[in-house]
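Let's walk through a run of helices together and see how they meet one another. Have the model open beside you as you read.

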Amino acid sequence: MSINYSSIPPLDAVALLKRHGLRADKRLGQNFLQEASALEKIVQAAQIRPDDTILEIGPGLGSLTRYLAVSARQVIAVELDGKLLPPLRAVLAPYSNVRLIQGNILEISPGELIDRPEYLVVANIPYYITSAIIRHLLDNPKNADNQPKPRRMVLTVQKEVAERICAEPGDLSLLALSVQVYGQPRIVERIPASAFHPTPKVDSAILTIEIHPAPLVPDIYLETFFQLIKAGFSQKRKTLRNSLSAGIHISPQEAESMLRELDIDPQRRAETLSIPEWERLTRARRGQA
């Protein structure tokens with residue numbers, strides 16, 4: 001279905017903030033996206049169906065929320081900053097299918113918000129909570145097996161962060177592994193810093209994550225998987241033998257023996273291991289515990 005977005009009026013973030021006596025909160029990483037072409041690209045990347053429910057994290061001033069509202073059945077927008085609620089309510093007043101919630105998404109179970117088996121996530125978020133949000137939505141202890149999970153996530157993040165998330169073995173990071181174990185990330189488009197207010201120092205990118213039907217590491221091993229990758233990357237310049245030894249409190253000799261039994265060179269560094277290698281290491285560690 002083709003949607004004409006030309007009827008959505010431009011949003012002047014500067015004027016809207018001034019009208020409500022507000023300023024962007026740097027502490028919360030607030031940079032409000034207002035360029036229409038970028039907003040349309042995000043909606044296109046989400047591949048929204050008319051009957052979709054969308055969870056928008058950090059709607060800010062509602063610039064993107066309006067585009068989502070005319071594309072989907074329902075938008076549930078969760079905003080941390082209570083001061084933004086008055087301008088948000090004013091901007092979103094024409095859209096009856098938007099449910100606005102003030103709160104911290106990391107403290108809300110998705111099952112409390114969404115009553116459908118699957119949904120989409122759209123978020124313009126500070127990079128430092130990217131992996132926390134993804135893990136919260138996909139591996140939340142509060143969620144039973146019958147709770148909804150997203151089928152796709154569309155995140156607007158710093159361009160360098162998007163590139164890190166999409167890295168391949170040899171250049172992997174804790175963030176990349178934390179995302180890729182749950183889904184396949186891809187950079188769709190670059191967004192220039194000038195598209196935001198206030199203008200950030202770096203460009204951003206639209207990142208899509210197609211969620212795997214099940215994590216690449218089985219659910220029962222995920223806790224151990226995360227313990228191991230955090231240990232592996234805790235001392236970046238050290239070999240796996242030494243970083244794992246320090247991180248999971250075993251002797252260097254035990255760490256080396258475990259790695260050699262899996263045909264993994266103990267002198268390798270954490271960024272070179274693929275997810276299947278981390279899974280083998282996880283299973284071995286669980287067998288020892």
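Before we look at any helix pair, one convention helps: axes are lines fitted to C-alpha atoms, for helices over the stretch in contact, and angles run from 0 to 180 degrees between N-to-C directions. Please also keep in mind that this is a predicted model.

With that in hand, turn to α10 and helix α11, which spans residues 252-261. Their axes come within 8 Å and cross at roughly 120 degrees. Angles of 65 to 115 degrees count as roughly perpendicular and those over 145 as roughly antiparallel, so α10 is oblique to α11. The crossing of α10 past α11 is right-handed. On the α10 side, the contact is made by L240, R241, N242, L244, S245 and I248; α11 contributes P252, Q253, A255, E256, M258 and L259.

Now step back along the chain to α9 (222-232), which precedes α10 (240-248). How do α9 and α10 pack? Their axes lie 8 Å apart, at an angle of about 120 degrees, and these two helices are therefore oblique to each other. Here, too, the crossing is right-handed, with α9 passing α10. If you zoom in on the meeting point, you will find L228, A231 and G232 of α9 against S243, L244, G247 and I248 of α10.

Is α9 itself mostly covered or mostly open? It is mostly covered, with eight of its eleven residues buried. The buried residues are L222, T224, F225, F226, L228, I229, A231 and G232.

Two of those buried residues, F225 and F226, lead us to the aromatic side chains. Together with Y182, F225 and F226 form one aromatic cluster, and the structure as a whole holds four aromatic pairs. F226 has a charged partner as well: the charged end of R135 sits over the F226 ring, 3.7 Å from the ring centre.

Finally, follow the chain out of α9 into the loop that leads to α10, where you will meet K236. Is K236 buried or exposed? Residues count as exposed when their relative accessible area is over 50%, and K236 is therefore exposed, at 63%. Setting aside neighbours within four places in sequence, K236 is in contact with R269 and E271. In sequence, K236 and E271 are 35 residues apart, while their C-alpha atoms are 8.4 Å apart in space.

Conventions
Residues are numbered from 1 along each chain as its sequence is written. This is a predicted model: local features need pLDDT of at least 70, side-chain atom pairs count only at pLDDT 80 or more; totals for chains, interfaces and linings use all residues. Side-chain values use heavy atoms; hydrogens and water are left out. Rings of Phe, Tyr and Trp (its six-membered ring) pair if their centres lie within 6.5 Å; planes under 30 degrees apart count as stacked, over 60 as edge-to-face and the rest as tilted. A charge sits over a ring if NZ of Lys or CZ of Arg is within 6 Å of the ring centre and within 35 degrees of the ring normal. Helices (H or I, at least four residues) and strands (E, at least two) are DSSP runs, numbered from the N terminus. Buried means under 20% relative accessible area, exposed over 50%, partly exposed in between (1.4 Å probe, protein chains only). Contact means heavy atoms within 4.5 Å. Angles under 35 degrees count as roughly parallel, over 145 as roughly antiparallel, 65 to 115 as roughly perpendicular and the rest as oblique. A crossing is left-handed if the near helix is turned anticlockwise from the far one by less than a right angle, and right-handed if clockwise.
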